[in-house]
Amino acid sequence: MDELTSVFIQEGREQLQAMESGLLELEQQPDNHDNINGIFRAAHTIKGASGVIECHFIEAFMHKVENVLDRLRNGEIHVTGDLTGLLLRSCDHLSHLMDVLEAAAAEPPEDVRHAGDALQLELAAYTAEAAGASAGSMIEAEADVEASGGGVVNTDSWHISVRFGPHMLRGGMDPLSFLRYLASLGEILALETIPDAMPGAAEMDPESCYLGFEIRLQTRSSKADIERVFDFCRDDCELRILAPNSKLAEYVKLIRELPEDDMRLGEMLVRCGALTQSELEEGLFSQQQGKLPGDGDPLAPQLGEILVDHKVVHKEVVEAAVSKQAQVNEKKAVEARLIRVQADKLDQLIDLVGELVIAGASANLLAQRSKQSELVESTSILSRLVENIRDSALQLRMVQIGETFTRFNRVVRDVAKELGKEIDLVITGAETELDKSVVEKIGDPLMHLVRNSMDHGIEPADVRESRGKPRRGTVELNAYHDSGSIVIEVVDDGGGLPRDKILQKAIDKGLVQPTQVLSDQEIINLIWEPGFSTAEQVTNLSGRGVGMDVVRRNIQGLRGSCEVASVEGAGSTFTIRLPLTLAIIDGFLVGVGRSSYVIPLDMVIECIELKENSADRDFLNLRGEVLPFVRLREMFEVEGEHPARENIVVVQYAGQKAGIVVDQLLGEFQTVIKPLSSIFRHLRGIGGSTILGTGEVALILDVQTLVQRNVRKEERDMAANNAVARSTTQN
Amino acid sequence: MGQIVQSPGGSRAPATVAAVDSTPQQYLTFTLGGEMFAVAILNVKEIIEFGTVTEIPMMPGFIRGVINLRGAVVPVIDLSCRFGGKSTEVARRTCIVIVELEQGDQKHDIGVMVDAVSEVLEIARSEIEPPPSFGAKIRTDFISGMGKVNGKFVIILDVARVLSVEEIAMLTQASDSANVEAA
């Protein structure tokens, strides 16, 4: 695929997205004119660009779309649900067409083509009924020009004279593609090539363009649209456009202004059918007559005409010029702020920065050992700089989550239609930033959750009304930062998770024993189990019972976690917590036995000494608060003597505080996260590994799962003890 | 009886023949608990001295830990433990053989702890016998064949089986949850 095409696909997709979000907005605010113009502009840009790269199947399709949008813009048709639906489907189709182009196929495959044909038929329905009406308005517009005098040439088509400049070909433009694009606006009735500027073969420069064209075009597009065809070469060509039913004098003026011989050009015009022979003669004759006397009298009407002419031209030209200028400015501003960089290059940079951090740590360590204060000082400056580089490099990969969220506008709309429910999507925190590699992987799990909420969560409108809720259900997508992680919530105000049903289902599927006593939260958590689904009917949206455990697995794969909270009758909240980045974090290094562990610094609140404590109770009094703690030594079964002084690192996670008992506190440490081999994918409590300055490997603690693990362990202990107690009392 | 013993061996042999052609292949031999083992040299990436291994808590015994291999974190398996024996004592000649495996589109580097690395040998196909159905004291599916070297048998390991990422991951999970339940 050549560069031009790949740029087209990239930019085309952006435009497509703009178009889609515009269409979604259109449904909410049908009268927003700026928005309609924006949609039109996006469609037009795609069409224009596809013409330039000569991708005709896209161009032809977009032409039809544009026609409908044009009528919408002119207020000839009105926004309806069907229309926006149709246009959105057109967007989807266009996206398929781009896939085809990206795959470098010459023609779309059969099924895509059929879909396209069907859409084109539907689109045509919106343009056909209007043909008569628009012709009427066109004539009306012409009427006052007509009144200003002068014979009218009787054609219903535009006449375009274009002389391409000599530098066209050198500038990488092909006159042919402009003509092709022009043809997409309407039908070219006649086309005459003017090769008069062509010098003799000896003087001809094969890289220069000498050609001009006289074109008769039948179209419903405006003059500005036709001018826009030649936007790319505006500065390098002479362009004259005469509207249908222009006055004879304008043709004559055109003939006079163009460099070619008058008579010859006249003949050309006759040949291409713009003028008839008699009209030409009449025109030229009257002009000569007017000129001969030399006084101002006969010129007067001409002047008037020119003025009118100017007025007509003026408005359109100025409008086009202004809009073009605005576009150029806008584009320049965006270009100045953004540089496109391949994601691989960024990843490579981050990897290198990671290595730099590790190498820096080792240099630091050696400097400290050498006890040379100057060396220590210089390495500490170095490591501060490395830290800054690390932060900026990571910042490069941060993107706002908004783009991922806005995709759901469309999903919610479509799914709500499909389900026959009325559902709004509310997005907050779209500007929250997180690592690009995380954003890419979060889309699918989110999709599952949102669909689930809509399918299983939100009740049908009638049920909602009977329960005293507003008819329209709401699904919320929230994002915010919380102690070194990003939290994404999917909230719905639907029926909540039905506990009895879930429990019954779990018993049926053998996930739990009927005699087992489960807390409410435990019952809700059953939905994450593999092969669990409560929908009585399998819909094509969700309910295949693969959803939730896949969601959980995907999120855990990102070192994240997911939870669900639900109030029956009032809705449920799914909370996803993800690390901000998968590359480098600030860590807090602690030692247990001979090993070192890293706790993410964002979670650490404080460190305190573990005072002599009654050994079998694992909680302490932290300024009046009860603080439960985990003994890493016991948990990891580290052998050897307890050191004289043990420390507690107080961590906070998801609003909960807990203590982690360690031997030594080793201080802050820039931690480059190295993923552990997939052998360890079932390992809970360890989030990854990193390399210390000494070259040793240290493990990164996953505080949340570590604490959860402990909770689970204790619960089981209790249950076992209870069972023993019960059996003894029975005996 | 003879037939029963032979049939699994006979069915295995063609499979290995299909995998490698008849030209002699090179094998790296090493000792483990006094016994000689071999692995196909194409799987071996490098051999390093036994250095600092970071232990991973809550893991079964045959996972010795992880090492820093020029910036990459590589797990190390104690082979003797994996075969159901005692864990390997670290001695002067203890080495880690880094084995590269391709499993499910992904490449994995795994370190294997051995007592000592001996030499690289060429063993002709005709010198390789099918594994015995019992008596080797290790799982038969771990053995790809028995090579005859100087009149002695060398156990040629099927590294893809011995170091199966899937299986090890399953075992770690099992041991982890057993830990929680048992405690």
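## Helix H1 of chain A and its two partners

In this predicted model, helix H1 of chain A passes H15(A) in a left-handed crossing. H1(A) covers residues 3-28 and H15(A) covers residues 402-419, and their axes come within 10 Å while crossing at roughly 50°. An angle of that kind is neither under 35 degrees nor over 145, and it lies outside the range of 65 to 115, and the two helices are therefore described as oblique to each other. On the side of H1(A), the contact is made by A:Glu20, A:Ser21 and A:Leu24, whereas H15(A) supplies A:Thr406, A:Asn409, A:Arg410 and A:Arg413. Sorted by class, the residues of this contact are one nonpolar, three polar and three charged.

H1(A) also packs with helix H2 of chain A, residues 33-52, and here the axes come within 9 Å and cross at roughly 155°. Because angles over 145 degrees count as roughly antiparallel, H1(A) and H2(A) are given that description, and their crossing is left-handed. Among the residues that H1(A) brings to this contact are A:Phe8, A:Leu16, A:Met19 and A:Leu23, and those that they meet in H2(A) include A:Ile36, A:Ile39, A:Ala42 and A:Ile46. Glycine takes part from both helices, with A:Gly12 and A:Gly22 listed for H1(A) and A:Gly38 for H2(A). The class division for the contact of H1(A) with H2(A) is twelve nonpolar, seven polar and two charged residues.

## Chain A as a whole

Chain A contains 22 helices and 21 strands, and of its 731 residues 33% are buried. When contacts with a separation of 6 or more are considered, 70% of those in chain A join residues 24 or more positions apart.

## An enclosed strand in chain A

Strand E12 of chain A, residues 584-592, has seven of its nine residues buried, so this strand is largely enclosed by the rest of the structure. E12(A) runs antiparallel to strand E19 of chain A, residues 664-672, and eight bridges join the two; within this pairing, A:Ile584 stands opposite A:Val672.

E12(A) is also joined by six bridges to strand E13 of chain A, residues 595-600, again in the antiparallel sense, and A:Leu589 stands opposite A:Val598 of E13(A). The hairpin formed by E12(A) and E13(A) has two residues between the strands, and A:Gly593 takes a positive phi near 60° there.

## The surroundings of A:Ala461

A:Ala461 belongs to helix H17 of chain A, which spans residues 461-466. With 17 C-beta neighbours inside 10 Å, this residue counts as partly exposed, since the buried class calls for 20 or more and the exposed class for 12 or fewer.

Apart from neighbours within four places in sequence, A:Ala461 is in contact with A:Lys421, A:Glu422 and A:Arg471. The C-alpha atom of A:Ala461 is separated by 9.1 Å from that of A:Ile423, a residue 38 positions away along the chain.

## Two open sheets in chain B

One sheet of chain B is open and has six strands in the order E8-E1-E2-E11-E10-E9, with mixed pairing. Strand E8 (116-123) and strand E9 (128-129) stand at its edges with a single partner strand each, so that one side of each is left without a neighbour in the sheet. Within this sheet, strand E10 (residues 143-149) and strand E11 (residues 152-157) of chain B pair in the antiparallel sense over six bridges, and B:Gly147 stands opposite B:Val154 of E11(B).

Another open sheet of chain B has five strands in the order E3-E6-E7-E5-E4, also with mixed pairing. Its edge strands are E3 (44-49) and E4, each of which pairs on one side only, and neighbouring strands are turned against each other by 30° on average, direction ignored. E4(B) and E5(B) run antiparallel and are joined by six bridges, and the bridge partner of B:Ile67 is B:Val74 in E5(B).

## Where chain B touches chain A

The interface brings 22 residues of chain B into contact with 28 residues of chain A. On the chain B side, the elements that give two or more residues are strand E4 (63-69), strand E5 (72-78) and helix H4 (165-182), and the largest share, eight residues, comes from H4(B). By class, this side of the interface consists of twelve nonpolar, seven polar and three charged residues.

Notes: Residues are numbered from 1 along each chain as its sequence is written. Chains are lettered from A and ligands numbered from 1 in the order in which they are written. This is a predicted model: local features need pLDDT of at least 70, side-chain atom pairs count only at pLDDT 80 or more; totals for chains, interfaces and linings use all residues. Helices (H or I, at least four residues) and strands (E, at least two) are DSSP runs, numbered from the N terminus. Two residues are in contact if their C-beta atoms, placed from the backbone, lie within 7 Å. Ala, Val, Leu, Ile, Met, Phe, Trp, Tyr, Cys and Pro count as nonpolar, Asp, Glu, Lys and Arg as charged, and the others, Gly among them, as polar. Two strands pair if DSSP finds at least two bridges between them. Axes are lines fitted to C-alpha atoms, for helices over the stretch in contact, and angles run from 0 to 180 degrees between N-to-C directions. A crossing is left-handed if the near helix is turned anticlockwise from the far one by less than a right angle, and right-handed if clockwise.
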